[in-house]
Amino acid sequence: MKDPVVAKRPARPGDTGAERGVAAAPHASEAPIPPTPEAPETTKAPHVRPGDRIFRGLATGSGVFIVVLIGAIGLFLILQAIPSLGLDNVNFLTSREWNTTDPSNLRFGILDLTLVTVVVALLALLIAMPIALGIALFLTQYAPRNLARPFAYVVDLLAAVPSIVFGLWGLFVLGPVLFPFSEWLIENLGWIPLFAKGNVNVQLGGTIFTAGIVVAVMILPIITAVSREVFERTPTMHVEGAIALGATKWEVVRTTVLPFGKAGYVSASMLGLGRALGETIAVAIILSTATSSFGWSLFDGGSTFASKIALAAPEFNDPRSAGAYIAAGLVLFVLTFVVNAIARSIVAGHKEYE
Amino acid sequence: MAKRLDIKDLNLFYGKFHAVENVSLAVPPKNVTAFIGPSGCGKSTVLRSLNRMHEVAPGARVEGKVLLDGEDIYASTVDPVEVRRTIGMVFQRPNPFPTMSIRDNVVAGLRLSGVKDKKKLDEVAERSLRGANLWNEVKDRLDKPGGGLSGGQQQRLCIARAIAVQPDVLLMDEPCSALDPISTLAIEDLITELKKEYTIVIVTHNMQQAARVSDQTAFFNLLGVGQPGQLIEVDDTEKIFSNPGQKATEDYISGRFG
């Protein structure tokens, strides 16, 4: 009974060549069957199978490729941006001006772009986070099993809607619908800077307010999907522990599911924020371009990094103007990178459950 | 507290699967009743039906009665949440809430029942931890997370959590199966202590353990795969282990099968 097992062991797929070579010798000597003449040869030089070598090469290659790719993108952005940054006649970080039509007199600063981008993304996040939490909890804790799966598909389907469609919907459907509400906010809460009358026509709906709501809908699926997966993995032993103590459904959620899923939920939201920061075409369609700079109102128009770059494609024939946009793209790249890094560190700092 | 349990014609189902058939059994107060039997015989399922945990599994169903001092816990007017607040449970693997401190873990059940008075909570925490023989080991780190304790300490923490609400009955589902022999001994000693105040039902795979800690032993068996589990016999532990009434019991405890 013992011998076949011993004989089989070296051939186990998980064994690496080196281990096998070493391990094979003692087992072979224990076995009643004398070792075949080939056996000592394999123990001399660790034998690597071609399949192992090829697969390792492919896997390592893919890993290296992605790192090189990201590095190359960063490098490209920096190299293309530097000459234009040198020609910039205003402060790149603190100026609200953006005029690149005359390549011999470049005046571009990112302050306005940064503010509009961040405000749109934060508004979207503020709206999407509680809704996504609700959906994820409903799907994992409250929905009947046969309903939860199709419902989750529907939410995932939302992610498959092209962003141009969201843009059109925002501009032609949501914008007009929001108008009475926006007007009411401006009239009654206008004394709060956030709800003050903005620098674009509210009736057209091309405001940060509309864009933020549309982007919220767009990032809802990713936040929901990731949170749902995390909540689903709440250890049964903890859930049962709470139930056995006489916890109601909500108390089970509060004492086990939420503490367990908190980090996952936060990082899911950060992923959503990353998307919101980079959302391009929907925002480009919705936001009306403003003649004056951003004044901290949700009813302002303006441009985000991504929408500004997308709408400026005709200017890219001159490398000096194009460089200005690439510099803006570089800032967006760094911003998204930082947001993702924060998300990672939050997840890494959550050790109680390991 | 320390009430008696009477199980009457209990049939348990998982969906269409008939898991346990016609169990009738009396659990006297301030007494330890052990459930033994081979894997899959339904002893844990019966235990979980005693505090209405069985029905938490999707499709699970219960027929029959479980009387707690004469009152059916399956009566339509009874809230399962209330049942679980008066019948405590300790699980196979220690499951303190990892994000809560040791103190918060102990008083978690009390908090759920709406007790907010901090002085009262601290008192209960100390009393329960002393009751679970854990106080001396953790009194200096009550604010540290419960997950930082050893497995045996965690299990005693779970026992402290269960007894903090002063339950009528304490159910234990193989409480020592994930523990080393020294921690097991500590838990067994604790069970003997707790018996003075609580009605205890314990499921165990370890027959020596059943013999050491219990006053009464119930042997469960199943006739074959796919067949429902059955209660073969229940009697004083001494009698079961020295002179069982059924051949199957004798075969099982003497190690001839299972």
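Which residues of S8(B) point one way, and which the other way? Thr199(B), Val201(B) and Val203(B) face one side of the strand, while Ile200(B) and Ile202(B) face the other, and all of them are buried. Let's keep that strand in mind as we walk through this predicted model, beginning with chain B and then crossing to chain A.

Strand S8 of chain B spans residues 199-203, and five of its five residues are buried, so that the strand is mostly covered. Its neighbours in the sheet can be traced on either hand. Strand S3 (residues 32-36) of chain B runs parallel to S8(B) and is joined to it by four bridges; if you look for Phe35(B), you will find Val203(B) as its bridge partner in S8(B). Strand S7 (residues 169-173) of chain B is also parallel to S8(B), this time with five bridges, and here Leu170(B) has Ile200(B) as its bridge partner. As a reminder, strands of a sheet pair through backbone hydrogen bonds, either parallel or antiparallel.

Now step back to the sheet as a whole. It is an open sheet of ten strands with mixed pairing, and in chain B the order reads S5-S4-S1-S2-S10-S9-S3-S8-S7-S6. The edges are strand S5 (71-72) and strand S6 (87-90) of chain B, each of which pairs on one side only. At the S5(B) edge, the partner is strand S4 (residues 60-68) of chain B, and these two pair in the antiparallel sense over two bridges. There, Leu68(B) stands opposite Glu71(B) in S5(B).

How does this part of the chain relate to its annotation? An unreviewed UniProt entry gives residues 5-247 of chain B as "domain: ABC transporter". In the model that span is 34% helix and 27% strand, and its end C-alpha atoms lie 27 Å apart.

From here we can move to where the chains meet. On chain B, 20 residues are in contact with 17 residues of chain A. Two helices of chain B, helix H2 (80-86) and helix H4 (108-112), each supply at least two residues of the side that touches chain A. The largest share of that side, four residues, comes from H2(B). By type, the residues of chain B that touch chain A divide into eleven nonpolar, five polar and four charged.

Crossing over, we reach chain A, which has 13 helices and two strands. Of its 354 residues, 37% are buried. Among the contacts in chain A with a separation of 6 or more, 73% are between residues 24 or more positions apart.

The UniProt record, again an unreviewed entry, places "domain: ABC transmembrane type-1" at residues 114-343 of chain A. That span is 75% helix and 0% strand in the model, with its end C-alpha atoms 20 Å apart. The record also places the feature "transmembrane region" at several stretches of chain A, including residues 58-82, 202-223 and 322-343. Two of these can be set side by side. Residues 202-223 of chain A are 73% helix and 0% strand, with end C-alpha atoms 30 Å apart. Residues 322-343 of chain A are 100% helix and 0% strand, with end C-alpha atoms 32 Å apart.

Let's finish with helix H4 of chain A, residues 50-87. At 1.5 Å a residue, its 38 residues should span 56 Å, and the end C-alpha atoms are 55 Å apart, which agrees. Even so, H4(A) bends by about 30 degrees at Ala81(A), and a proline, Pro83(A), follows within four residues.

How many of the 38 residues of H4(A) are buried? The count is three, and H4(A) is hardly covered. The buried residues are Leu77(A), Ala81(A) and Ser84(A). An α-helix has 3.6 residues a turn, so residues three or four places apart point the same way.

What covers the buried residues of H4(A) includes helix H13 (319-348) of chain A. Leu330(A) belongs to H13 of chain A. Leu330(A) counts as buried because it has 21 C-beta neighbours inside 10 Å, where 20 or more are needed. Beyond its neighbours within four places in sequence, Leu330(A) is in contact with Leu77(A), Ile78(A) and Ala81(A). The C-alpha atoms of Leu330(A) and Phe76(A) are separated by 9.3 Å, although their positions lie 254 residues apart along the chain.

Methods. Residues numbered from 1 in each chain as written. Chains lettered and ligands numbered in written order. Predicted model: local features only at pLDDT ≥ 70, side-chain atom pairs only at ≥ 80, totals over all residues. Expected span 1.5 Å × (residues − 1). Bend = angle between axes of the 7 residues up to and from the residue. Buried ≥ 20, exposed ≤ 12 C-beta atoms within 10 Å, placed from the backbone. Contact = placed C-beta atoms within 7 Å. Pairing = 2+ DSSP bridges. Nonpolar A, V, L, I, M, F, W, Y, C, P; charged D, E, K, R; others polar. UniProt positions renumbered as here; feature names shortened; annotations may be inferred.
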